[in-house]
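I opened my notebook to look up how some helices pack against each other, and to check one residue in a loop. What follows are my entries, in the order in which I made them.

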Amino acid sequence: MYDARKYIIGLLMTFFAIVIIGRLLYVQILTTQYREAAELNSRRKIVQYPSRGLIYDRNGRLLVSNQAVYDIMIVPKEVKDFDSIDFCQTVGIDMPTLRSLFADLNTQIRRRRASVHKPAVFLRQLSGERYAMLQEKLYKMKGFYAQRRTLRKYEYPIAANVLGYVGEASENYIKKNPYYSTGDYVGISGLESSYEEYLRGQKGVNYLMVDVLGRTKGELGGGQYDTVAVSGQNLTLSLDIDLQTYGEKLMAGKTGSIVAIKPQTGEILALVSAPSYDPSLLVGRDRSQNFPKLVSDPNKPLFNRPIQAWYPPGSTFKTLNALIGLDEGTVTPQTRYPCAHGYTVGRFHMGCHGHASPLDLRQSIQHSCNGYYGHEFRDLIDNKKFKNVKEGLDTWKDHLVKFGLGYRLGVDIANENRGFIPNSAYYDKSMGPNWTSLGVVSLSIGQGEILLTPLQLANVAATIANKGWFITPHIVHKIEGAQTDSLYRFPRQTDIDSSYFSVVQDGMERAVWGTDGGTARVAQIPGIRVCGKTGTAQNPHGKDHSIFMCFAPRENPQIAMSVYVENAGFGATWAAPIASLMIEKFINGSVDPKRHYMEERILNMHTIKEETNNAQ
């Protein structure tokens with residue numbers, strides 16, 4: 001009996017010893033909870049957020065800067081009773097909001113299993129004025145402290161689709177990018193997103209000694225453990241802010257886009273998306289209210305039309321069909337085709353406006369003859385040099401791909417659309433294997449299944465201006481301390497012989513300056529040789545889209561453009577005069593007072609029935 005009690009007591013003592021040792025092992029080694037609590041009683045880790053890089057236009061004008069704000073941080077385990085009414089009055093909130101902030105904090109702790117000993121953001125983006133008032137009272141509010149942050153400040157209320165906006169990094173984003181932590185800001189769209197790694201800078205850390213009341217008592221170790229935040233790299237854009245401003249002014253009340261490129265460099269001078277919005281709407285504490293309004297706006301101001309919208313190019317595409325026909329040898333500059341108010345085969349008729357007939361190739365561009373291109377396109381893809389029409393169409397597409405069509409060009413703004421150029425496999429699937437050239441003849445005039453983005457069409461104009469080459473369009477001209485991508489520095493060649501481009505340029509110049517008429521005479525600018533091509537894209541959902549593609553001057557071109565105005569009718573009615581005004585503004589610096597009548601006409605034309613308060 002005695003031996004049994006001795007044995008049981010020994011087992012119990014061993015068990016308790018194991019429990020105590022296990023608990024000590026857990027507290028001192030396996031868990032960080034108590035170590036964190038002890039450390040936070042004596043020191044505090046303050047992340048130093050860097051200022052994002054500044055953004056300038058091509059002429060050195062500041063477009064995007066930074067402004068200081070303060071996040072109010074909280075260490076939940078350290079919070080004691082405090083004067084909540086005084087707190088609310090100081091930071092500018094009411095009591096229900098304060099209760100909601102604490103409820104959100106508790107939810108965040110449960111959802112993310114966050115430590116109550118670690119700091120969390122309690123109230124975001126307090127202004128400098130409010131923070132100055134709160135700073136004097138923080139010593140009474142144990143568990144609270146402030147952390148300086150910077151927000152974007154947009155110096156102009158324009159170019160929102162180019163610059164983009166900054167927002168809090170999502171949980172999924174943080175999982176994919178370990179540099180970021182909860183509460184960090186990241187570029188969400190536009191250049192803020194595509195150049196995030198350059199703009200964000202590098203975070204630093206300060207370690208402070210604090211007393212039991214949470215008051216700062218100095219730097220830990222005299223600052224030897226601190227790291228300095230490094231500001232982001234500045235960007236200089238190719239954008240001309242005056243031209244961008246003027247373009248957005250001309251497109252006010254309309255839906256569409258303007259893209260202007262410097263042909264020799266591929267630099268984008270203006271990238272107008274209409275309707276747009278003031279980028280300041282998505283900065284600071286008002287962002288949460290403004291963003292849903294912009295998302296639900298039926299006019300889609302967040303939709304970046306120059307690179308995301310795709311349309312049939314209409315008659316602007318005739319320039320490309322002419323170049324391909326010349327290169328393949330199926331037409332010459334002297335080739336003439338008849339036009340009896342269109343192209344007719346049996347019961348099929350593709351209409352055309354009235355003009356002289358027959359026309360040669362230059363005149364076909366000048367007068368935008370549909371009949372000419374019905375003949376030209378079928379003679380191209382049905383040519384006996386190809387074994388069948390399918391090979392002819394695929395050869396046609398291969399030429400277009402060299403112009404950057406059917407695929408993303410690679411502009412340095414996210415979410416570019418690729419457009420669409422059909423091939424023979426597409427028609428085999430949609431029409432059956434026995435389709436003919438007549439069944440796809442609408443491709444001859446830029447209709448049918450062809451879809452281009454406004455950026456792609458502007459790049460076509462730049463390529464024609466350069467007689468067969470282009471540099472990938474881009475917005476960023478220079479990155480502080482780094483080199484831009486080689487894609488934006490070296491030319492890409494088409495496979496069209498350079499000699500044929502002069503013929504098409506002749507036709508485009510005649511369209512504007514022809515003494516015997518031309519579809520784009522409204523685009524004339526005294527003293528500037530403008531070369532252009534109008535287009536009218538059929539729209540199954542309403543009125544046709546007005547399109548114009550151009551470059552100027554003909555010798556040593558300085559600007560190439562595309563203009564789309566949705567639901568506005570003929571290309572010469574609206575798109576061509578808008579482009580003409582933009583060219584004059586860029587080359588001459590201002591619009592001649594004699595042409596102010598045209599400017600007023602454009603400014604007073606609205607295709608959007610009811611503009612939203614956010615539309616610019």
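**Entry on helix 13 and helix 16.** I began with helix 13 (residues 318-328) and helix 16 (residues 389-402), keeping in mind that this is a predicted model. I noted that these two helices pack at an angle of about 115°, with their axes 11 Å apart, and that they are therefore roughly perpendicular to each other, since 65 to 115 degrees counts as such. I also recorded that helix 13 passes helix 16 in a right-handed crossing. Looking at who meets whom, I found Leu320, Asn321, Ile324, Asp327 and Glu328 on the side of helix 13, and Thr395, Trp396, His399 and Leu400 on the side of helix 16. When I sorted the residues of this contact by class, I had four nonpolar, three polar and two charged.

**Entry on helix 13 and helix 15.** I then followed helix 13 to helix 15 (residues 370-381), where I wrote down an angle of about 40° and axes 10 Å apart. Because 40° falls in none of the ranges for roughly parallel, antiparallel or perpendicular, helix 13 and helix 15 are oblique to each other. Their crossing is left-handed. I listed Lys318, Asn321, Ala322, Ile324, Gly325 and Glu328 from helix 13, which make the contact with Asn370, Tyr373, Glu376, Phe377 and Leu380 of helix 15. By class, I entered five nonpolar, three polar and three charged residues for this contact.

**Entry on helix 3 and helix 5.** Next I turned to helix 3 (residues 84-91) and helix 5 (residues 128-135), whose axes come within 8 Å and cross at roughly 150°. That angle makes helix 3 roughly antiparallel to helix 5, the cut-off being over 145 degrees. The contact involves Phe87, Gln89, Thr90 and Val91 of helix 3, together with Arg130, Met133 and Leu134 of helix 5. I divided these residues into four nonpolar, two polar and one charged.

**Entry on Asn304.** Is Asn304 buried or exposed? I first located Asn304 in the loop between helix 11 (287-296) and helix 12 (305-308), and I then read its relative accessibility as 7%, so Asn304 counts as buried, the limit being under 20%. Leaving out residues up to four places away in sequence, I found that Asn304 touches Asn161, Ser273, Ala309 and Ile413. With Asn161 there is also a polar contact, made between the two side chains at 3.0 Å.

Terms used. Residues numbered from 1 in each chain as written. Predicted model: local features only at pLDDT ≥ 70, side-chain atom pairs only at ≥ 80, totals over all residues. Heavy atoms only, no water. Axes fitted to C-alpha atoms, helices over the stretch in contact; angles between N-to-C directions. Helix = DSSP H or I, 4+ residues; strand = E, 2+ residues; numbered from the N terminus. Parallel < 35°, antiparallel > 145°, perpendicular 65-115°, else oblique. Left-handed = near helix turned anticlockwise from the far one by under 90°. Contact = heavy atoms within 4.5 Å. Nonpolar A, V, L, I, M, F, W, Y, C, P; charged D, E, K, R; others polar. Buried < 20%, exposed > 50% of the residue type's maximum accessible area, 1.4 Å probe, protein only. Polar contact = N/O pair within 3.5 Å; in protein donor to acceptor, adjacent residues only side chain to side chain.
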